[in-house]
Amino acid sequence: MTTTQPAAGGRATSAPLMGRESEPTLFELSSPGRISANFRITGVPEWTAEELVPAAHLRDTPTPVAEVSERDLVAHMTRLSHRQFSVDLGAYPLGSCTMKYNPKLCDDAVARSGLADVHPAAPPAMTQGWMALLADLESALCRITGMAAATLQPPAGAAGELTGLLLMRAFHGAAGEDGRRRRVLIPDSAHGTNPASVTLGGYEVTQVPSDDRGCVDLAALADRLDDDVAGIMLTNPNTLGLFEEDIVAIAGAVHEVGGLLYYDGANLNAILGVTRPGDMGFDIVHMNLHKTFAVPHGGGGPGAGPVAVTSRLAPYLPGPRPVATPQGAYEWVEPEHSIGRIHSWHGNALALARAWSYILANGGDGLRRVSDAAVLNANWLRHQLRGTYDIPYDRPCMHEFVASATNLKRTTGLRALDVAKRLLEEGFHAPTTYFPLIVEEALMIEPTETESPQTLAALADALVRIAADSGENGRAAPRTAPVGRVDEARAARQLVPTWDARPADL
Ligand SMILES: *Cc1c(COP(=O)(O)O)cnc(C)c1O
């Protein structure tokens, strides 16, 4: 570690911990020649830029990067982290996103040099352990979902959705039906990524309305089913946190016209060890390992969205996949009619290893307890808020539920957005607001299984207190956060995404 301290340039790093003064950028903290470097000795020969890059593409001025010491960098990052709400700081009931606490054990597991320091291009003879891990994870995910084979490549749920739709196309294409099957059905409560993926996959979206119980309207579904339907995308429990009780009938009707069922597994954390998408009749399943199996996300790290399928879709999976030979060694195998790669190398491998460590640490019984506690916590909280907030679909929910601030809007003028901002003053992250779209002034609450009864009681208490508060307090919130109420419309329309790294005087 080298730290040089030239006399000129660079701002002092002191800044009040939670004040509203803006934190300087790293470029403002920069001082020419100040260094923060700690390179490990790798044994890899060093190359000069001239040896690696054709002369025509080399820049002739140095890259204007910030030059700061490790000390200043750590102070800067720590100050920013203190201004930010995080899962490690407190309850984060952001519905649909599953912001559960991520055990430090999983950090530990993937920090091991045997996992972290392996290059993905290393030959199979040197990476048998990694390949065994990936193959074991694949088979565990298949057992959890009731599927036959999986790809670990997609780096997020949305990427898994696109993968699934491309698998659908390959499957129908092999039957000579890709031209005819143009439509994919999606309920009106669906997550926004579903219709976006359908369009990206080259299909048309047909929306299916929900009935007054918040589930797929079976008669409306029947009206929309024909032999031009490629499939349906569903999450179960759905985005209202309700179990689609008619799922077997839905699966039968879709299969009847030759369509496939795609399971959006973002809510899989509600059913671990209780039921499986494969048993419900689904053909393709994506999992958000960063939601269900505790991988930090939402700015905390890259995700993983493996896709598992039934045996008739397995030949189309992306490749290569790790497969055990009869002798017990692993090799990379390309599925027979593979749709090709979805990601470089083998996906976000360390996120995969993290999820695997979580599955092993919990075991089958532990995973079942995860879902039991997630469902219990959501139902307990729903009961506490009854009578204070509107609960449009007020019946036993799964791991989350949707409340509404419509009643408060009528009485005090308090909207869902105001409730969310006030909650930040109380030390809790806000729930998801204004989603799903079919609920007015929606507050989508997912407490997750990792919060204690005391934390849940404090959260319920805060939500009840906020509702009893005057409208003025709500509209002024958040008064104690480092950033107050921002003009979101202006922020979106006059977006300034870059900081000029080369001011005139540099
Ligand atoms: C989070 C989520 C997705 C998208 O997953 P990403 O990993 O964020 O891409 C899709 N559907 C539902 C219901 C979700 O909650």
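Domain bounds here come from an automatic or database domain assignment. The model itself is predicted.

Reader: Happy to look at this one together! How many Å separate the centres of domain 1 and domain 2?

Author: Let's set out the parts before the distance. The protein is divided into domain 1 (2–82), domain 2 (105–115 + 129–362) and domain 3 (367–491). Taken over C-alpha atoms, the centres of domain 1 and domain 2 are separated by 41 Å.

Reader: Thanks! What is the strand order in the open sheet of 7 strands?

Author: Start from the edges, where a strand pairs on one side only: these are strand 1 (149–151) and strand 3 (204–208). The pairing in this sheet is mixed. Neighbouring strands are turned against each other by 25 degrees on average, direction ignored. Reading across the open sheet, the order is 1-7-6-5-4-2-3.

Reader: Nice. Which residue in strand 7 stands opposite A150?

Author: Strands of a sheet pair through backbone hydrogen bonds, either parallel or antiparallel. Strand 1 and strand 7 (residues 307–309) take the antiparallel sense, over 3 bridges. Opposite A150 in strand 7 stands A308.

Reader: And the open sheet of 3 strands: which residue of strand 12 is the bridge partner of V402?

Author: This sheet has the order 10-12-11, with antiparallel pairing. Its edge strands are strand 10 (401–404) and strand 11 (432–433). Strand 10 is joined by 4 bridges to strand 12 (residues 442–445). In strand 12, the bridge partner of V402 is M444.

Reader: On to the ligand, my favourite part! Which element gives the largest share of the shell around the ligand?

Author: The residues around the ligand are S96, A156, G157, A158, E161, H191, T193, D264, A266, N288, H290 and K291. By class, this shell has 3 nonpolar, 6 polar and 3 charged residues. Its largest share, 3 residues, comes from helix 7.

Reader: Which residue has a side-chain N or O atom 2.6 Å from a nitrogen atom of the ligand?

Author: Let's go through the contacts by atom type. A backbone N or O atom of A158 lies 2.8 Å from an oxygen atom of the ligand, and an N or O atom in the side chain of H290 is 2.7 Å from an oxygen atom of the ligand. For the nitrogen atom of the ligand at 2.6 Å, the side chain belongs to D264.

Reader: How much of the ligand's exposed area does the protein bury?

Author: The elements that give two or more residues to the shell are helix 7 (157–174) and helix 12 (289–292). Taken alone, the ligand exposes 380 Å². Of that area, the protein buries 87%.

Reader: Now the backbone. Which residue has a positive phi although it is not a glycine?

Author: Most residues other than glycine have a negative phi, and most peptide bonds are trans. The residue you ask about sits in the loop between helix 12 and strand 7. With a phi of about 55 degrees, this residue is A294.

Reader: Where is P320 placed?

Author: A cis peptide bond joins G319 and P320, with omega about 0 degrees. The place of P320 is in the loop between strand 7 and strand 8 (321–324).

Reader: One last question, then! Which loop holds P478?

Author: The peptide bond from A477 to P478 is cis, with omega near 0 degrees. P478 is found in the loop between helix 17 (471–476) and helix 18 (488–493).

Methods. Residues numbered from 1 in each chain as written. Predicted model: local features only at pLDDT ≥ 70, side-chain atom pairs only at ≥ 80, totals over all residues. Heavy atoms only, no water. Pairing = 2+ DSSP bridges. Axes fitted to C-alpha atoms, helices over the stretch in contact; angles between N-to-C directions. Near = heavy atom within 4 Å. Polar contact = N/O pair within 3.5 Å; in protein donor to acceptor, adjacent residues only side chain to side chain. Areas by Shrake-Rupley, 256 points an atom, 1.4 Å probe, with all protein chains shown as cover. Nonpolar A, V, L, I, M, F, W, Y, C, P; charged D, E, K, R; others polar.
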